[in-house]
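Please find below a note on selected side-chain contacts and backbone features of the model. The points are numbered for ease of reply.

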Amino acid sequence: MEKHEINGPVHPSSSGSYGRTVRSPAHQPNFNSRAVQEALEHLASVDLSELFNEVKTEYCRATRDLRRCGRYVKYVLNSCGHASLCAECCQRCDLCPICRIPLASGNNRLRLRLFDECIDAGLISRRYGDIFQNKEDRDDQMNADVQQLRVYLNGKTTDVTDICMDETAVSSDAITALLLDEKVVKDWVGEMEKSLCLLHKYSAYLASLSSILEVLESSFKGRPLPQLHDLHHLQESILKTKQHLEIIMWCIRHQFLEHVRSRHANFTSWHNLVRERKSAATARAWPDVVDRSADSTRQDGSLFIEDALANLDIEQACDQELGEESYFAFLLKDSASFSRSKIEGLIGCYPFESLQAAVDILFLRGSSDLVVAKQAIFVYYLFDRHWSRPEEEWRDIVDDFATSFGINRHSLLESFIFYLLDDHTDEALQESFQLLPEISGPTTHPKIARVLLERQNPEVAHMVLRWSGRDDGSQLVSLSEAVTVVWVKVECRLLTEAFTYQRMLCTKVREKNFKYGPSEDGQCRSWMDWTEILVSELCCLCIRRNLVDRIIELPWNSDEEKYIHKCLLDCATDDPSSANGSLLLVFYLQRYRYVEAYQVSLKLWTLEEDFISTHSVNEEFLEVLSRMESCRQRRKSLV
């Protein structure tokens, strides 16, 4: 991906090292020149708070023929420091248009602004100057200003670092030699820490603005004004900025976790590990039988982290449809993660390439209302980055994040369990067993039981359902959740409980349909749909587990038994040598329904004759034929 051209264009490194870039030697600035030395000195010494004034694009405020001049301003007035006059208007004006302070006399009126000084010295590509000077859309100036700030910040970190590593970049000059020392980079990081107080002040300002806008917005409620939409958008932008700023301050306090070792050797190995988890989840996934559900956030074999990021992606898509694309989106446009998010959605961004990428992607996208969900994803990321390392190295970091942002122990452990269940190793699964009793309750995520079932731990899944209070049919749940409960009970051989559960739940759905009409929320519309899916799933799973002889004894009603009939007959059609067709015959005989039993017998006889006539005789066929004949004789005696 093309990066900002500071010190000229960048090209892929021939050394093959991950994420490194080199610059064309033809575009290296001359570090011995006076212009470069002065620009470097100015760039390294500028305070971050002053940098915001430097990046603001200014236009000439002098009056010409009753109109403002409006030309791009490259210079600052030495008398007051304001960038208010272009070079031509400066020659004919005596006062600064902003503060009215007299201009200096002689040729000492102006000096280049820092951005233009860096361009003239060759430290920043000249094409950036052309872009910002030729901006025609003044309404988009905020975007341009922050892009210009990003160029500066890249110049103060990436370029100084590259210069420090360049052995040919030396000078006998004391100032230049100091700037070429790696200490400059370390000092700049230190300046970030010193600026924490200033960032706290900005955060307080944003909180005050948000409160004012909230009161102002409430006064317009119920009045469809166009300005109300703009006010809401401004409020949303301020809240998102404040949330991002607070996370950045936390990262600065912890030096962006540079001193905390990750358990992953590099990003590539981490990315491959996540792909292994995804493959394992897909391979073990049970099919989603609720095909008519509009629950688009859930996928077969999806990881918890994928579902969480998909929810943010949906919210982001809604914002874009409403025309509320954030001005902050461009901050991500130069990262590989942003490209991946455009192609694969936010799901494709995980694992994040760095802590900074995680903060930007999570807190500069999606609605500010989802800040709790974003924090939960960030905690998941921290656990994924450090778990299996000694706890004394990283546990304090996670606990401090939870304390700083008011995350309670339940939510913290929930994110940890989501990570452990995504991890496909037995070690992680056993660790989750120790923590599940502490978080299980009415708010337990319904997917936990399903994942435990898929990982062949139905007893643990059943305990989680019991603790959540959703296993007895006393409360309505989604159809997907109901199917999971039936599966878990059958796997635990609790067939009577499974039968009672589906009966109670379908009765509640029927009562709701009669009272309010069919659901329009994307779930199956009628109680008959619920009955068909739940009874069919119960019967099909019993067929796979050889439990049909037990379910035919249960007191099925007329609505339910037609699905029992269909499942058993379909199974007999697929495999006439199985005993399931004969058990369907027994089902009717137990209920003294001899005519239906006789009809089933004739149907089975026809299926068996067709099977015999369409298969050639061999050793395997003879074995199947022996089993089939045994079933036929027993069935004949019963009839």
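1. Asp471 and Lys489 are both buried, where buried denotes a relative accessible area under 20%, exposed over 50%, and partly exposed in between (1.4 Å probe, protein chains only). The two residues form a salt bridge whose closest N and O atoms are 3.6 Å apart; the term requires a side-chain nitrogen of Lys or Arg within 4 Å of a carboxyl oxygen of Asp or Glu. Since Asp471 belongs to the loop between α20 and α21 while Lys489 belongs to helix α21, the pair ties together parts that are 18 residues apart in sequence. Helices (H or I, at least four residues) and strands (E, at least two) are DSSP runs, numbered from the N terminus. Through shared partners, salt bridges join Asp471, Lys489, Arg466 and Glu497 into one network.

2. The basis of these values should be stated. This is a predicted model, in which local features need pLDDT of at least 70 and side-chain atom pairs count only at pLDDT 80 or more, whereas totals for chains, interfaces and linings use all residues. Residues are numbered from 1 along each chain as its sequence is written, and side-chain values use heavy atoms, with hydrogens and water left out.

3. Within the network, Arg466 and Glu497 meet through their side chains in a salt bridge (3.1 Å, N to O). This pair links distant parts of the chain, 31 residues apart: Arg466 sits in helix α20 (residues 458–468) and Glu497 in helix α22 (residues 495–516). Arg466 is partly exposed at a relative accessible area of 38%, and Glu497 is likewise partly exposed, at 30%.

4. A further salt bridge is found between the side chains of Arg470 and Glu481 (3.5 Å, N to O). Arg470 lies in the loop between α20 and α21 (479–491) and Glu481 in helix α21, so this contact ties together parts that are 11 residues apart in sequence. Arg470 is buried, with a relative accessible area of 11%, whereas Glu481 counts as partly exposed at 22%. Over the whole structure, the search finds 26 salt bridges.

5. Three backbone features merit inspection. Tyr350 and Pro351 are joined by a cis peptide bond, with omega about 5°; Pro351 is in the loop between α13 (336–344) and α14 (355–363). Arg100, although not a glycine, has a positive phi of about 65°. Arg100 is located in the loop between α3 (87–90) and β6 (110–112) and is exposed at 52% relative accessibility. Asn546, also not a glycine, has a positive phi of about 55°; it lies in the loop between α23 (527–544) and α24 (548–551) and is exposed, with a relative accessible area of 65%.
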